[in-house]
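Colleague: Could you take me through one part of this model in some detail? I'd like to hear about the aromatic pairs and the strands that go with them.

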Amino acid sequence: FFFELFIPMASYHTIAAGSPRTESWKYGLAAGIIGALVVLAVSDASSSVTALNAQSVVRPVVSQTSLTMPLATHGATLAHGPIHAQAAGPMQYTTPQTAQGYTMGDAAVPTHSSMASNIMIVAAGAAALASAVFGVFYNRPASIAMASSTGKFESAGEQAAYGIGLQLGTDIISQPFEGLTVEAVCAGIADGMNKATPQLDQATLRDAFEQVQTLMKAEEEKKWGKNLEEGNNFMMANTMRDEVVQTESGLQYEVVTKGDGESPQLGSTVQVHYKGTLLDGSQFDSSYDRGQPAEFPVNRVIKGWTEALQLMTVGSKWKLFIPHYLAYGEKGAPPSIPPFSMLTFEVELLKITS
């Protein structure tokens, strides 16, 4: 009773506080088994007491008195359901107690038959064990419950549903933020799929999204602020070079070779050779290394490329200096391109294919 009451409760409070999960249901199961064994031992002891009492007819000193011996068995039944919303609620216990009263008089005969008392105690022990098993399958943490169901998705529909959840979880955790919990996400999914009344109104959700996005942006800027600062400093210094041209958008380019062909339009598809490097000179991509030029629509690339290609002519080779906001922005393109990265490209426009 002690272990089943206090250890799982402490574990669930730990979960509610946001600490790593503990498999408290295992303690509950162990406690239930131990409790059942203890109760069976008490049952055996009570039988011995009954037999001893039956032999005490020669004790006249208790002939006119009675002694009551309360024997209590405790079966802790967990009433706490699966974890919902943002945190686990308090554990609730129902602790039924039974008592057998034994009156020792001249005949020293128990008020209940030994068979009935044994049946009652054994039943209480079975209830304790059933309580623990119930805790395993009903009150264990959600992550354990979900993990243990691996391999039980037999139909194609169940497998597809699991795949949706897996993909969703992978996408969500790729951009973590403070307060992101499995319980909160699952509660939202459950309410949505069950068409239940939302626990939060739209105004609250909108404000929460805005606050989280602001915090995430500030954290990214703090973490990658060095990239932003170094990129800005480079672009400012680069404008001092006579061979560099800067457009209104902030794009900078240097003409290495001037071609005499046509210029592509926004809807054109072009074939190019290129090499991309970070500010420190490290290369992250190259069609030259692959030995094959790349082909793509002009309007399906980063903004700096879309602008530059329409200024180039077939046969030209330019060097592009693209600020982060015309490249991959605040998020970058992990793992090759960090957030707020200013990029340099050598681009050779080979032909317009369509």
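Modeller: Sure. Rings of Phe, Tyr and Trp, the last taken by its six-membered ring, are called a pair if their centres lie within 6.5 Å; planes under 30 degrees apart make the pair stacked, over 60 edge-to-face, and the rest tilted. Keep in mind that this is a predicted model. With that rule, searching the whole structure turns up seven aromatic pairs.

Let's start with Phe234 and Phe321. Their ring centres are 6.0 Å apart and the planes sit at 45 degrees, so this pair is tilted. Phe234 belongs to helix α7 (residues 202–238) while Phe321 is in strand β10, so the contact ties together parts that are 87 residues apart in sequence. How buried or exposed are the two partners? Phe234 has 29% relative accessibility, so it counts as partly exposed. Phe321 is down at 3% relative accessibility and therefore counts as buried; the cut-off for buried is under 20%.

Next, Phe284 and Phe345. This aromatic pair is edge-to-face, with 5.7 Å centre to centre and 90 degrees between the planes. Phe284 sits in strand β8 (residues 283–286) and Phe345 in strand β11, so here the pair ties together parts that are 61 residues apart in sequence. Phe284 comes out at 19% relative accessibility, so it counts as buried. Phe345, at 5% relative accessibility, counts as buried too. Both rings also belong to one aromatic cluster, made up of Tyr274, Phe284, Phe296, Trp305 and Phe345.

Now for the strands behind those rings. Phe321 is in β10, and that strand (residues 317–322) pairs with strand β6 (residues 252–257) in the antiparallel sense, over five bridges. In that pairing, Glu254 stands opposite Lys319. β10 is also joined to strand β11 (residues 343–352) by six bridges, again running antiparallel. There, Trp318 of β10 has Val347 of β11 opposite. As a general point, side chains in a regular strand alternate between the two faces of the sheet.

So the two pairs can be placed on the strands like this: the tilted pair has its Phe321 in β10, the edge-to-face pair has its Phe345 in β11, and six bridges link β10 and β11. From β10, Phe321 pairs with a ring in helix α7; from β11, Phe345 pairs with a ring in strand β8.

How values were computed
Residues are numbered from 1 along each chain as its sequence is written. This is a predicted model: local features need pLDDT of at least 70, side-chain atom pairs count only at pLDDT 80 or more; totals for chains, interfaces and linings use all residues. Side-chain values use heavy atoms; hydrogens and water are left out. Two strands pair if DSSP finds at least two bridges between them. Helices (H or I, at least four residues) and strands (E, at least two) are DSSP runs, numbered from the N terminus. Buried means under 20% relative accessible area, exposed over 50%, partly exposed in between (1.4 Å probe, protein chains only).
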